[in-house]
Amino acid sequence: MQRRGAGLEWPRRQQQQQPLPLAAGPRAAAMAPPTGGVPPGLGGRPACALLLLCYLNFVPSLGRQTSLTTSVIPRAEQSVAYEDFIYFTVFEGNVRNVSEVSVEYLCSQPCVVNLEAVVSSEFRSSIPVYKKRWKNEKHLHTSRTQIVHVKFPSIMVYRDDYFIRHSISVSVVILRAWITHRYSGGDLNVKWEENLLHAVAKNYTLLKTIPPFERPFKDHQVCLEWNMGYIWNLRANKIPQCPLENGHLHIQMHLVKGEDLAVKTKFTIPLKEWFRLDISFNGGQIVVTTSTGQDLKDYHNQTISFREDFHYNDTAGYFIIGGSRYVAGIEGFFGPLKYYRLHALHPAQIFNPLLEKQLAEHIKLYYERCAEVQEIVSVYTSTVQQGDRRQEACDLRNSYLDLKLRYGRPSTCRALLWEKELKAKHRSLFQTLLEMGLVTVLRNQSESVLEIGGRIFEKAVKRLSIVDGLHQISSVVPFLMDASCCGYHKASYYLAVFYETGLNVPRDQLQGMLYSLVGGQGSERLSSMNLGYKHYQGIDHYPLDWELSYAYYSNIATKTPLDQHTLQGDQAYVETIRLKDDEILKVQTKEDGDIFMWLKHEATRGNAAAQQRLAQMLFWGQQGVAKNPEAAVEWYAKGALETEDPALIYDYAIVLFKGQGVKKNRRLALELMKKAASKGLHQAVNGLGWYYHKFKKNYAKAAKYWLKAEEMGNPDASYNLGVLYLDGIFPGVPGRNQTLAGEYFHKAAQGGHIEGTLWCSLYYITGNLETFPRDPEKAVVWTKHVAEKNGYLGHVIRKGLNAYLEGSWHEALLYYVLAAETGIEVSQTNLAHICEERPDLAKRYLDVNCVWRYYNFSVFQIDAPSFAYLKMGDLYYYGHQNQSQDLELSVQMYAQAALDGDSQGFFNLALLIEEGAIIPHHILDFLEIDPTIHSNNISILQELYERCWSHSSEESFSPCSLAWLYLNLRLIWGATLHSALIYFLGTFLLSALIAWTVQYCQSVSASGSHPTPARAPRDPTAPAASPAVTPAAGASAQDQPTVTSNLEPRG
C-alpha cells in the first residue's frame, strides 16, 4: 500500500496546464490510487463459480518498494508542534553491495536511532544482515539527516563465480528504522528486539531484489591462471533452465473476523500456455478445476474442504478479476469470463468458448517466435562479453591497442554459428547484430536483450525519419518485430498502428490487436491508451467495455504525475496546438528561434514576464523548446532575486525545495515562499501548508494555511485537505472521513488537479461512496483526461508538430497517426487536417479514409471542437468517397456546432431550411427553439439568422447579418405585394393605362385616315380587352418565387 501525502504545486505552466503537486521524497509523495478497487467483503450468499481463460507469461516478482511512517504512541492532541518521526530515502531501489540511504529524523528527547536490514529467503525468514545505531542527545526538536551506507553480503548481490560459489535467492529485503528515547527503555546496550518494542516512531521500506542470474559479476581484483580462467568462462554465462515451467495456484482470502486464509493447489498450472480455470465456492468447499492442453481437454481437479461455510458478499465492494490495489494480478492475457452469483455449477455445465481463437493462436505464435529471437540475442551478447573479457583480462598495457580501441572502427562479430533455417527465418535480426557496434558492455542478460531491442528500434525509426520515410515502412517491419520480441514495446505500438490503419502495409486488424495487447502487457504507455480508447468507444472490432477501458487508462494515469516529476526520458509537455490556428503556429520556436531569442533578450533586461515565460518553456519543454531544468532554474533565480514578482518567487522556492536543477536549500525556499504568500499568491499559501505538514508535522498549522488557500481557489489546497480527512489526521476531527475527503478531491479535480481526478475516477468505478454513485463511463472520462497529459505522448505530438512546421510531410503524418490512435482529440483533428492538405499522401499510404475516420473519431470526444462538427456535417451533406449522403446526420452535426456557439452552425442550418430541409423537433428542442412560438419555417429562419448574427465574432457586416437583412427585405416585399391598398392602386393604374391606350389609338387612327361618313360614337362604358392578369387575393408569401442564396453549407 502506498502512502498518500500533501501536494504542492510545481512551477506553473501556461494556459491550460493545471497545477501539479510536489511529491518530495517517498514518505510524503502525493501518490494516486493504483488500478483496481477495494476487495469485496465476506458474508451473504455462499455460491459462485468463475471461468477464466488466460495466457500466463510469468509470475510477478515480489519486493515492490513502498514506504510507511507510523507513530506507535497515540496522541490525544494532533496539534503538537514537535513529534518524533523518522523516514529515509533509498537512492537506489535495488539491493546493491553498498546502498546509500538518507535517514531523516526528529527527536523530542535524547534518543537512539536504529537502522536494520532484514532479509527472507525460501528456507529462512527475518535474517538480520545489517545493523547500525547512533545517539542524538544535543540536536532535539530539529530535523536531522544522516547518510548511511548499508553494506549487503556479496552472496545477495552478485552472481556465482569462481570465488562466490553459492549465491542465495532472496525473496524479501526489508529496511527498517526506529527511534527510542534513552530514558524510556532505549539504550545502546539494550538488545535489538527489546529496543524495537520501545520505539516511539518507526519506518520501513522494501528493497527490490534481483534474481541470481540477473546480477552482475563481482570484480575481485585478481587474475586467475589461464587454464582456470578459460574453464570458468566456458560456463560463466550459462543459466540453468528449469525442466518444467509450471506454477501453483494460490488462493488467498480475508475473513470477516480479521484473519487471513490461504491455500495452494497440489497440481501446477502451465506457463506460456492457454488454460481454462474454474473456481467455485460451495458451502465449506472450494473446488478448483483447470483445463489445459490442445483444445483444453486435459483436466486437473482439487477439492479443498474447511470446517466452516464461506459466505461471500460480492455486493459489498467492487468485484475485480486480475488483481486489485492490494494484490498483484497475473501477468498474462485474459479471455472471456462468466460469473455465477447464486449457485455453483460443474465445469462441464459451463459453456464459455474462446471466441477469438485466431487471436489466441496469434499470441501463441508471437511468443514462440520471440523465444527464438531472445535466444539469438542472448547468445550473441554472451559471446560478445566473453570475447571482450578474453581480450582485456589481465592484458599488459598496449598503447597501440588503446589507440585502436579509441579511434578505430568498432569491432563486430563476423561469424556466429547458427542453423541455416534459423538464419533464413531471422535474416533482418542477424544482419542488425552483425552491423551493431560492440561498445557497451551490458550488466545482465535481460538488460542485454532489452538494450539490443532499443538499438534495433532506433535503427528502424531513423530509417522512417528520412524524406520518403513512409515508403520504408514495409522494410522496417521485420526490425520492429525483432525489437518487440526483445521487450522494447514502443516497437509493438508502431506495429499495432501500422496494421490497424494499413499505413503502407496490408491492413490486418487482428495483427494490430495482437501488438496492442503485447504492448499493453509491457506497460507501453501509448499501447495502453490505444486499448483504453478502443474499448471506450467500441471501435475497430474492440468490444465496448468501460471497466476494461478504465483498467488500461488508469494504469497510465497513475504513471503520468510520476513521469512529469522525473523530467527525464522522451517526454514533452502536451500542448493543445491546432494546425488550423496560424497564430499559435507562429509562436512555436526553438532555442535558436526569433521568439526565444527575443524573450531571452527581454529577460536579460529584467522583464519579469519574459523571465517567467522563458523559465516555463525550459522547465516543461513548451513551444518546441527542449527541456532544460538547469537553465530554467537560472531564470527563476534571476527573476525571484531581482524582481518582486510573486509568481517567480514562488516558482524558485519550489525548485529549491525539490532540488530540481539546483541544490536543495530549504531555508531560502521557506523565506521565498513566505514572501510570495505575503503578496497574496494562493499557490504560496498552499506551499506553506505543505511545508508545515511535511517538515514540521504540524497538521493544525498546515490545515490553517490550506483552508485559507482553498478559499482563494487553489485546487492543490482542496486536495491536501482531502488527504488530511482520508488519513484521519485533520485537527479536531477524530478518525477518517472518506465522504469529506471525496468532496475535497472532487473540488480539486474540477480545478484540474491530477491526483484529485484519479481519486474521483476510483470512486466512480467502485461506487463505494454514497456521494459517488458507480458510473464506469465517467470514471473512464476522468482517467482518460489524466492519461492524455502523459509526457511520452507529448513527445510524439511534438515530433509530429516539428515535422509539420519543417515541411516534412511523411514524418508529420507518421507521428500524428501514432498520436491519433491513442484517442487524443487534438491529434485526430490535426491528422485529418493534414490529410485534407495532402490527399495524395493519405491516399497512397493509408488504407483508411483518413479525413472521415479521424474527424468522425473527434466528434465523439468530450471536448470536440466546433469545426470538427461542421466538417462532419459537410461530409454527411455531400457524401465522401464510399460514404453516402445522410441529411439527418448532417443536421445533427450542424446543430451540435451551433450549440457550441459557432455561428457557422446556425448559418448552415438556415441554408438547409432554405433548400427545403425540415429540422426535426428534437433538434429544435436541442437548440432550445420552441416549436409553439416558431411554428413555420420563416420564423425558424429568423431565429437561426439572429442567433448566427449574435454569435458572429466579426464587427462589420458578416454573412449572418447580410442573410438576416436579406430575409427581412424579402418578407417586407412579400407583405407589401399582398396588401389591400396595393391591390386598389394597381387596379386604378391599370384602368387608367387602358383608357389612355384606347384614346391614343383613336387619335392616331383619326389623324391618319380619309374622311368617312360620320358614325355613332362608341359607348365609353363598353368593356375593352386587357392583357393584364390580376393576382389572386388569396395568394400567400410562400407561393411567390423566392431567390435562394447561392451559398452552400460549409465547415
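**Exercise 1.** Determine which residue caps the N-terminal end of helix α33.

*Solution.* The model is predicted: local features need pLDDT of at least 70, side-chain atom pairs count only at pLDDT 80 or more, and totals for chains, interfaces and linings use all residues. Residues are numbered from 1 along each chain as its sequence is written, and side-chain values use heavy atoms, with hydrogens and water left out. A side-chain oxygen of D902 lies 2.9 Å from the backbone nitrogen of Q904. The cap of α33 is accordingly D902.

**Exercise 2.** State whether α33 is largely enclosed or not, and give the reason.

*Solution.* Helices are DSSP runs of H or I with at least four residues, numbered from the N terminus. Helix α33 covers residues 903-914. Buried means under 20% relative accessible area, computed with a 1.4 Å probe on protein chains only. Among the buried residues of α33 are F906, F907 and L909. In total, 11 of the 12 residues are buried, so α33 is largely enclosed by the rest of the structure.

**Exercise 3.** Classify the ring pairs F85 with Y87 and Y854 with F857.

*Solution.* Rings of Phe, Tyr and Trp (its six-membered ring) pair if their centres lie within 6.5 Å; planes under 30 degrees apart count as stacked, over 60 as edge-to-face and the rest as tilted. The count is 30 aromatic pairs. For F85 and Y87, the centres are 6.0 Å apart and the planes at 20°, so this pair is stacked. For Y854 and F857, the values are 5.9 Å and 90°, so this pair is edge-to-face. Both Y854 and F857 lie in helix α30, 3 residues apart.

Key: Helix = DSSP H or I, 4+ residues; strand = E, 2+ residues; numbered from the N terminus. Expected span 1.5 Å × (residues − 1). Buried < 20%, exposed > 50% of the residue type's maximum accessible area, 1.4 Å probe, protein only. Polar contact = N/O pair within 3.5 Å; in protein donor to acceptor, adjacent residues only side chain to side chain.
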